[in-house]
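Work through these exercises with the sequence and the coordinates at hand. Try each task before reading its solution.

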Amino acid sequence: MHARDRIGKGPWHNAKGELIARDLAHLHNGNHLSKATALDERGNVVKGRGDNPNEHDMLTGSRADGTAFAPQTDTTCKAWTSSTDGSAIVGHHDRIGPLPENWATSWNFSHQTAGCSTEALIRTGGVGRFYCFAAD
């Protein structure tokens, strides 16, 4: 099942109640995700590119439109069960990449991780954070 089919229809707000996206179309094209709005569950800003350490990689495992990859392609660290083998697709919560192209600045599809261990996630630019969507 695709992630976009499991997260509801919106709207979505961050931990401080700020609107992130009105609906699925807005979430995947033109949303309000940025370093200032992509907060953790306590409402804190997450470190991004330029901060030490950079923690802008967010585990998603999906394509930019929220759809899944082919089942034989591991983009989710063995269905989120491995802390060693495999790799995962990540996005950048701060929308900053090494280049200005969409692939580098996407919130949900920027690149694969170097692996699934904590060390590999840190080396890639994250700490193993997930995007969470809650439905009322």
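What volume does the largest cavity have?

The model is predicted: local features need pLDDT of at least 70, side-chain atom pairs count only at pLDDT 80 or more, and totals for chains, interfaces and linings use all residues. Residues are numbered from 1 along each chain as its sequence is written, and side-chain values use heavy atoms, with hydrogens and water left out.

**Exercise 1. Characterise the cavity.**

Step 1. Fix the terms. On a 1 Å grid over the protein atoms alone, a cavity is a set of points where a 1.4 Å probe fits but cannot get out. A pocket is an open set with protein on both sides within 12 Å along at least five of seven lines. Lining residues have an atom within 4 Å of a point. Grid points are joined across faces, edges and corners, and a volume is the space filled by probe spheres set on the points.

Step 2. Count and size. The structure holds 1 cavity of 30 Å³ or more. The volume of the largest cavity is about 40 Å³.

Step 3. List the lining. It consists of Asp57, Leu59, Val90, Thr113, Leu121, Thr124, Gly126, Gly128 and Arg129.

Step 4. Assign elements. Helices (H or I, at least four residues) and strands (E, at least two) are DSSP runs, numbered from the N terminus. At least two lining residues come from each of strand 3 (57-59), helix 4 (118-124) and strand 6 (126-130). Strand 6 gives the largest share, 3 residues.

Step 5. Sort by character. Ala, Val, Leu, Ile, Met, Phe, Trp, Tyr, Cys and Pro count as nonpolar; Asp, Glu, Lys and Arg as charged; the others, Gly among them, as polar. The cavity lining then splits into 3 nonpolar, 4 polar and 2 charged residues.

**Exercise 2. Describe the second largest pocket.**

Step 1. Its volume is about 530 Å³.

Step 2. The lining has 30 residues; Ala3, Arg6, Thr60, Gly61 and Trp80 lie nearest the centre. Helix 1 (24-28) and helix 2 (77-80) are the elements that give two or more residues to this lining.

Step 3. By character, the pocket lining has 15 nonpolar, 12 polar and 3 charged residues.

**Exercise 3. Summarise the fold and test the chain against the globule rule.**

Step 1. Count elements: 4 helices and 6 strands. Their order along the sequence is β-β-α-β-α-β-α-β-α-β.

Step 2. Apply the rule: 2.2 Å times the number of residues to the power 0.38, with the radius of gyration taken over C-alpha atoms. For 136 residues a compact globule would be near 14 Å; the chain has 14 Å, so the two agree.

Step 3. Add the box. Along the principal axes, the C-alpha atoms fill roughly 35 × 35 × 30 Å.

Step 4. Check burial. Buried means under 20% relative accessible area, exposed over 50%, partly exposed in between (1.4 Å probe, protein chains only). Of the 136 residues, 40% count as buried.

Step 5. Check contacts (heavy atoms within 4.5 Å). Among contacts with a separation of 6 or more, 51% join residues 24 or more positions apart.

**Exercise 4. Place Ala38 and Ala68. Is each one buried or partly exposed?**

Step 1. Ala38 lies in the loop between helix 1 and strand 3. Ala38 is buried, because its relative accessible area is 9%. Beyond its neighbours within four places in sequence, Ala38 touches Leu33, Val46 and His93. Ala38 and Trp107 are 69 residues apart in sequence, yet 9.6 Å apart C-alpha to C-alpha.

Step 2. Ala68 sits in the loop between strand 3 and helix 2. Its relative accessibility is 27%, so Ala68 is partly exposed. The C-alpha atoms of Ala68 and Ala3 are 6.9 Å apart, across 65 residues of chain.

**Exercise 5. Find the unusual backbone angles.**

Step 1. Recall the baseline. Most residues other than glycine have a negative phi, and most peptide bonds are trans.

Step 2. Scan omega. The bonds from Gly10 to Pro11 and from Asn52 to Pro53 are cis, with omega near 0°. Pro11 precedes strand 1 (12-13); Pro53 is in the loop between helix 1 and strand 3.

Step 3. Scan phi. Ala79, in helix 2, has a positive phi of about 60°. Ala79 is exposed, at 54% relative accessible area. Arg95 has a positive phi near 60° and lies in the loop between strand 4 (89-92) and helix 3 (102-105). Arg95 is partly exposed, at 30%.
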